[in-house]
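User: I'd like to learn how to read a ligand site and a metal site in a model. Can you walk me through one?

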Amino acid sequence: MTEDCLFCKIVSGEIPSYRVYEDEAVYAFLDINPASEGHTLVAPKKHFNSFTDLGAEDIAALFEAAKKVTLALEKAFSANGMNIGVNNGEVAGQEVPHVHVHVIPRKKGDGGRGIKSIVWTEPDTANLEGMAEKIRKAF
Ligand code: 5GP
Ligand code: ZN
């Protein structure tokens, strides 16, 4: 629990939420301003600012729960698909600095688009091998 963290307060029950799923490590609840019907946030109960702060077990628990939530949302809303994603860092749109996975049900004809509609900076594609090499060297 980190003081003054909105989602820590939601996990602890200090701030009310519409809970949809909970286990030892994870708490899932409705987004208060949903992008579509059923839009759910899946958060670790422990506070982590960034996705890269999570250990292997934390990641496994978080994404196991996200999978369960995805299956429940498909069933509950007869969804045809799902966007499952993390805004990591302020520049990437993260407003609440407590890691969470958005699970957003999608329906045929809903007018929404895919993950590349978030950003499109038209990077140079002439040297994809150079790009890949730069990343490989960073591991
Ligand atoms: P982020 O931009 O950090 O990835 O997503 C934060 C999400 O939290 C937003 O989609 C926003 O609608 C949601 N949110 C913000 N405040 C609250 C709140 O008090 N309760 C709930 N349930 N969701 C919230
Ligand atoms: Zn927190």
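Analyst: We'll go through the ligand site, then the metal site, then one loop residue. This is a predicted model, where local features need pLDDT of at least 70 and side-chain atom pairs count only at pLDDT 80 or more, while totals for chains, interfaces and linings use all residues. Residues are numbered from 1 along each chain as its sequence is written, chains are lettered from A and ligands numbered from 1 in the order in which they are written, and side-chain values use heavy atoms, with hydrogens and water left out.

User: Which residues are the closest to ligand 1?

Analyst: A residue belongs to the shell if one of its heavy atoms lies within 4 Å of the ligand. Here 16 residues surround ligand 1, and the closest are D31, G93, E95, H100 and H102. The shell divides into 8 nonpolar, 6 polar and 2 charged residues; Ala, Val, Leu, Ile, Met, Phe, Trp, Tyr, Cys and Pro count as nonpolar, Asp, Glu, Lys and Arg as charged, and the others, Gly among them, as polar.

User: What polar contacts does ligand 1 make?

Analyst: Look for a pair of N or O atoms within 3.5 Å. An oxygen atom of ligand 1 sits 2.4 Å from a side-chain N or O atom of D31, and one is 2.9 Å from a side-chain N or O atom of H100. With G93 it's a backbone N or O atom, 2.7 Å from a ligand oxygen. The protein covers 83% of the 520 Å² of accessible area that ligand 1 has on its own (Shrake-Rupley method, 1.4 Å probe).

User: Which atoms hold the zinc ion, ligand 2?

Analyst: Donors are N, O and S atoms within 2.8 Å of the metal (3.2 Å for Na, K and Ca), and water is not among the atoms, so sites may look incomplete. For this zinc ion, the protein donors are C5 (SG), C8 (SG), H47 (ND1) and H98 (ND1), at 2.0 to 2.3 Å. Along the chain their spacing reads C-x2-C-x38-H-x50-H.

User: Why is the arrangement called tetrahedral?

Analyst: Four donors count as tetrahedral if all angles lie between 85 and 135 degrees. The 4 donor atoms here subtend angles of 106 to 116 degrees, so the zinc ion (ligand 2) gets that label.

User: Are H47 and H98 buried or exposed? And where does V86 lie?

Analyst: Buried means under 20% relative accessible area, exposed over 50%, partly exposed in between (1.4 Å probe, protein chains only). H47 and H98 are both buried. V86 lies in the loop between β4 and β5 (strands are DSSP E runs of at least two residues, numbered from the N terminus), and V86 counts as partly exposed because its relative accessibility is 29%.

Key
A polar contact is a pair of N or O atoms within 3.5 Å; within protein, one must be able to donate a hydrogen and the other to accept it, and residues adjacent in sequence count only if both atoms are side-chain atoms. Four donors count as tetrahedral if all angles lie between 85 and 135 degrees; four count as square planar and six as octahedral if opposite donors are over 155 degrees apart and all others between 65 and 115; anything else is irregular. Helices (H or I, at least four residues) and strands (E, at least two) are DSSP runs, numbered from the N terminus.
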